[in-house]
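Here are three short exercises to work through with the model open in your viewer. Try each one before reading its solution.

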Amino acid sequence: MSIKYIIKGINKDKIQFTSETKKGEITYTFKVSNLPKEMMYADAPDNSYYSLHVIFFIDSYRTEKGNTVKYMSSLDDLYHLNWNFVKDVNQQTGTEIKRITDSLVNGISSTEERVKRIYQWVQKNIKYVAFEEGMEGFVPRDANLVCSRRFGDCKDMSSILTMMLKHAGATALFHLDW
């Protein structure tokens, strides 16, 4: 197995890293000295966001047959891993989303105006609540659930917005330039 790591947080320059190989095994050692006391802020994300920490991940592994399998060695690997979590989200448009969307765009022929009305409805009617722990920080909830609860995080708001736009016949695209 091939392991990689990323160092996150403040005071990264205080970490001393060494690597040692003995009998085919690699040992990574991270040491830190004179680290200042962490400050707590009531109006900021949890300290785990700022704290100095090392994140390990599996770059690749070897199967019993000797084949090397890439696991998290690139953004494509990350995409394929995450796709398994989101592939079943928003499979069907529920009756409530259909009803709301139809009422917003009824008689409106301009795609721009349809998009504007849907976007404004989501802004006004879906309360933003941050979910940052565990898989809730990565996986959007189904648009039908967001619609019935009337709250969600940024991914959830994108989920309902995309579903409503699709139902209204507007194209919702998401594109990243890496």
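**Exercise 1.** In this predicted model, decide whether L145 counts as buried, partly exposed or exposed.

*Solution.* Start with the location: L145 belongs to helix α4, residues 143-149. Next, take its relative accessibility, which is 33%. Buried would need a value under 20%, and exposed one over 50%. L145 therefore counts as partly exposed. While you are there, look at I160: it lies 15 residues from L145 along the chain, and the two C-alpha atoms are 8.9 Å apart.

**Exercise 2.** Work out how helix α2 is oriented against helix α3, and which residues meet.

*Solution.* First, find the axes of α2 (residues 95-105) and α3 (residues 111-125): they come within 9 Å and cross at roughly 130 degrees. An angle from 65 to 115 degrees would be roughly perpendicular, and one over 145 roughly antiparallel, so α2 is oblique to α3. The crossing itself is right-handed. Now for the residues: α2 brings I100, T101, L104 and V105, while α3 brings R114, R117, I118 and W121. Sorted by class, this contact has five nonpolar, one polar and two charged residues.

**Exercise 3.** Establish the strand order of the open three-stranded sheet, and explain why β1 and β5 each have a side without a neighbour.

*Solution.* Trace the order, β1-β4-β5, with antiparallel pairing. β1 (2-8) and β5 (68-70) are at the edges with a single partner strand each, so one side of each has no neighbour in the sheet. On average, neighbouring strands here are turned by 30 degrees against each other, direction ignored. Finally, check one pairing: β4 (residues 53-62) and β5 are joined over three bridges, and Y61 has V69 in β5 as its bridge partner.

Conventions:
Residues are numbered from 1 along each chain as its sequence is written. This is a predicted model: local features need pLDDT of at least 70, side-chain atom pairs count only at pLDDT 80 or more; totals for chains, interfaces and linings use all residues. Side-chain values use heavy atoms; hydrogens and water are left out. Two strands pair if DSSP finds at least two bridges between them. Helices (H or I, at least four residues) and strands (E, at least two) are DSSP runs, numbered from the N terminus. Axes are lines fitted to C-alpha atoms, for helices over the stretch in contact, and angles run from 0 to 180 degrees between N-to-C directions. Buried means under 20% relative accessible area, exposed over 50%, partly exposed in between (1.4 Å probe, protein chains only). Angles under 35 degrees count as roughly parallel, over 145 as roughly antiparallel, 65 to 115 as roughly perpendicular and the rest as oblique. A crossing is left-handed if the near helix is turned anticlockwise from the far one by less than a right angle, and right-handed if clockwise. Contact means heavy atoms within 4.5 Å. Ala, Val, Leu, Ile, Met, Phe, Trp, Tyr, Cys and Pro count as nonpolar, Asp, Glu, Lys and Arg as charged, and the others, Gly among them, as polar.
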